[in-house]
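Welcome, and please open the structure in your viewer. We will go from one selection to the next, with a short note on what to look for at each stop.

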Amino acid sequence: RPARGSSGKMAAPTSRGSRGSEPGAAPYGNFPNYSRFHPPEGRAGKGQGDTESVFLPQELSVALYQHLLGLQDSDSSPEAPGASRELKLLCCDIDPELIRRAQQSSPFPSSISFASLDIMDPVAREPFLSSFLQRFGRSSFDIGFCMSVTMWIHLNHGDRGLLELLALLASLCTFLLVEPQPWRCYRAAARRLRRLGRDDFEHFRSLRINGDMAQSVTRILTQQCAMELVRSFGSTSWDRSLLLFKSTGARPPGLGLRSRLLSQE
C-alpha cells in the first residue's frame, strides 16, 4: 500500500494508535482489522459451474497459498510435503505492524515471505525485489495479486502514481489479478478524512482518471502495459471486480520501469 518517504512527503503510520478504530484513520488502506470486515471469502470469483469460491476463509495471503495448492483449512499445519518447493509467495504491505502480525500467525513460514515495503519507493523496491527473485533464479513472478490497493496508490500518488504502479506490475508478472476499488470508494475515503477533521487526500480533486475504475484499469493495462484481459470474475460481495490479466509477451518482463513513464493520453 502506498506511502511517501522523505522530502516533505507523508510517511506511513507505524503504531496502532496512529490508525485508531475509525477506518478513516488509515489513509493508506492499512486497516488493522481489514480481514474482519472484508474477509477473503467475500472476494468470490467463479469456477466451473459458477459455484467455486476463489478464496478460503483465512487471512488473504494464507488463503491464496491454500487455494493455489488445493489445500483445505485442515492442511494449514504443518506445511504440506513438497509445498515449499512448488510455490513461494511474497506478500508486501507498507505497515510493519500488519506484517509482524501476519508473520506471527502464518502456518507456512518457509513458503510465504512477508515484507514491509513501500512499493512506490524505487530505492527500496528494486533491490529488494531483485534479490528475492534471484534467490529462485527468476526475473519475474508467475502471478501477482493487487487486492484493493489501486485506490490508495491513486489517492496518495495521483494519476501518475497509478500509471506507474500498473506499469510496474505488468513488467513484473506473467499473470496479474487486480481488484480495483470503484469510484464511490474514493468519495467515501475522502469523506471519512473530512469527518475526522483531517486534510483531504492531496490528489483527490485533481484526478483525471476517474469514473469506472475497473474499465480504466483494464484500458491502461491492455493499451499501455502489453497485457490482455483473460477473464473478469464478476463482482465480490463488496461490488468490486476481480480482473485477471496476462502478459502478451510484447516486451520482456523486468524489475524497473521503462525510462519513460506511461501517460494517459
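**Start with the uncertain stretches**

Select residues 42-57: here pLDDT (the predictor's confidence in each residue, from 0 to 100) stays under 50, and the model has 48 contacts (heavy atoms within 4.5 Å) beyond four places in sequence for this stretch. Next, pick residues 252-265, where pLDDT is again below 50 and the model has 33 contacts beyond near neighbours in sequence. Where pLDDT is low, the predicted coordinates should not be read in detail.

This is a predicted model, so local features need pLDDT of at least 70 and side-chain atom pairs count only at 80 or more, while totals for chains, interfaces and linings use all residues. Residues are numbered from 1 along each chain as its sequence is written, and side-chain values use heavy atoms, leaving out hydrogens and water.

**The whole chain**

Now colour by pLDDT: the chain's mean is 76, and 66% of its residues reach 70 or more. Showing the cartoon brings up nine helices and six strands (DSSP runs, H or I of at least four residues for helices and E of at least two for strands, numbered from the N terminus). Among these elements, helix α1 (residues 16-19) has the lowest mean pLDDT, 39, and helix α9 (residues 213-224) the highest, 97.

**A helix pair**

Keep α9 and add helix α7 (residues 150-172): they pack at about 45°, with axes 10 Å apart. Zoom in on the contact, where α7 brings residues including Leu-162 and Leu-166, and α9 brings residues including Val-217 and Ile-220.

How values were computed. Axes are lines fitted to C-alpha atoms, for helices over the stretch in contact, and angles run from 0 to 180 degrees between N-to-C directions.
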